[in-house]
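Please work through the following exercises with the sequence and the model side by side. Each task is followed by a solution in steps.

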Amino acid sequence: MEFIVVGGVGAALQGAPITTQDLDIVHRRTPENIERLVRVLTRLKARYRTRPDLHVSPERSALESDGHHLLQTDAGALDVLGRLVGRLTYEDLLPRSHSYQLEGMSIRVQDLESLIEVKEELGEEKDLAMLPILRRTLEERRGG
């Protein structure tokens with residue numbers, strides 16, 4: 001499955017000392033990748049967090065859109081995003097990501113520079129609060 005880890009988990013994977021409540025990913029919206037994503041979400045028993053009582057899983061057609069799918073799975077909270085900040089697709093983020101090895105798997109993670117730009121653009125209180133930590137982590141990674 002092709003996706004890029006964004007947000008807090010991506011920052012933590014790059015050494016930022018932060019915690020987060022969910023995993024955010026931007027997925028590639030090709031028919032083949034959507035099919036793989038649906039299979040994974042089915043295995044994880046994914047359902048929308050906004051209506052957990054309904055146990056509604058995301059459908060293929062919904063995952064083809066650029067919307068946000070805020071899910072609860074057997075493994076925890078997962079946000080599946082068609083676009084980040086309303087415009088950045090998987091293809092836009094790909095050159096702004098790095099490959100990491102995690103438990104024998106290769107995953108793509110949004111780079112800290114791009115994550116900082118996104119947090120600045122979002123401008124929400126929780127995003128702004130994270131900026132000093134992200135900037136310090138980036139500086140440390142650069143050897144400064």
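The exercises below treat the sheet, a helix pair and two residues of one helix.

The model is predicted, so local features are given only at pLDDT of at least 70 and side-chain atom pairs only at pLDDT 80 or more, while totals for chains, interfaces and linings use all residues. Residues are numbered from 1 along each chain as its sequence is written, and side-chain values use heavy atoms, with hydrogens and water left out.

**Exercise 1. The sheet**

Task: Determine the strand order of the open sheet and state which strands stand at its edges.

Solution.
Step 1. Helices (H or I, at least four residues) and strands (E, at least two) are DSSP runs, numbered from the N terminus; two strands pair if DSSP finds at least two bridges between them.
Step 2. The seven strands follow the order S3-S4-S5-S2-S1-S7-S6, and the pairing is mixed.
Step 3. Strand S3 (47-48) and strand S6 (97-102) each have a single partner strand, so one side of each lacks a neighbour in the sheet.

**Exercise 2. The surroundings of S2**

Task: Describe how S2 pairs with S1 and with S5, and state which helix packs on the sheet there.

Solution.
Step 1. Strand S1 (residues 3-6) and strand S2 (residues 22-27) run antiparallel and are joined by four bridges; Phe 3 lies opposite His 27 of S2.
Step 2. Helix H2 (residues 31-43) packs on the sheet, in contact (heavy atoms within 4.5 Å) with S2, strand S4 (68-73) and strand S5 (76-81). The direction of H2 makes about 160 degrees with that of S2.
Step 3. Between S2 and S5 the pairing is parallel, over five bridges, and Asp 22 has Ala 77 in S5 as its bridge partner.
Step 4. Buried means under 20% relative accessible area, exposed over 50%, and partly exposed in between (1.4 Å probe, protein chains only). Five of the six residues of S2 are buried, so the strand is largely enclosed by the rest of the structure.

**Exercise 3. The pair H5 and H6**

Task: Characterise the packing of H5 and H6 by angle and axis distance, and by handedness.

Solution.
Step 1. Axes are lines fitted to C-alpha atoms, for helices over the stretch in contact, and angles run from 0 to 180 degrees between N-to-C directions.
Step 2. Helix H5 (residues 112-122) and helix H6 (residues 125-141) meet at about 160 degrees, with axes 9 Å apart.
Step 3. The two helices are therefore roughly antiparallel (over 145 degrees).
Step 4. Their crossing is left-handed, meaning that the near helix is turned anticlockwise from the far one by less than a right angle.

**Exercise 4. Lys 119 and Glu 121**

Task: Decide for Lys 119 and Glu 121 whether each is buried or partly exposed, and list their contacts.

Solution.
Step 1. Lys 119 lies in helix H5 and counts as buried at 9% relative accessibility.
Step 2. Leaving aside residues up to four places away in sequence, Lys 119 touches Asp 127, Leu 128, Met 130, Leu 131 and Leu 134.
Step 3. Glu 121 also belongs to helix H5, but is partly exposed, with a relative accessible area of 43%.
Step 4. With the exclusion of residues up to four places away in sequence, Glu 121 touches Val 85 and Arg 87.

Methods:
Parallel < 35°, antiparallel > 145°, perpendicular 65-115°, else oblique.
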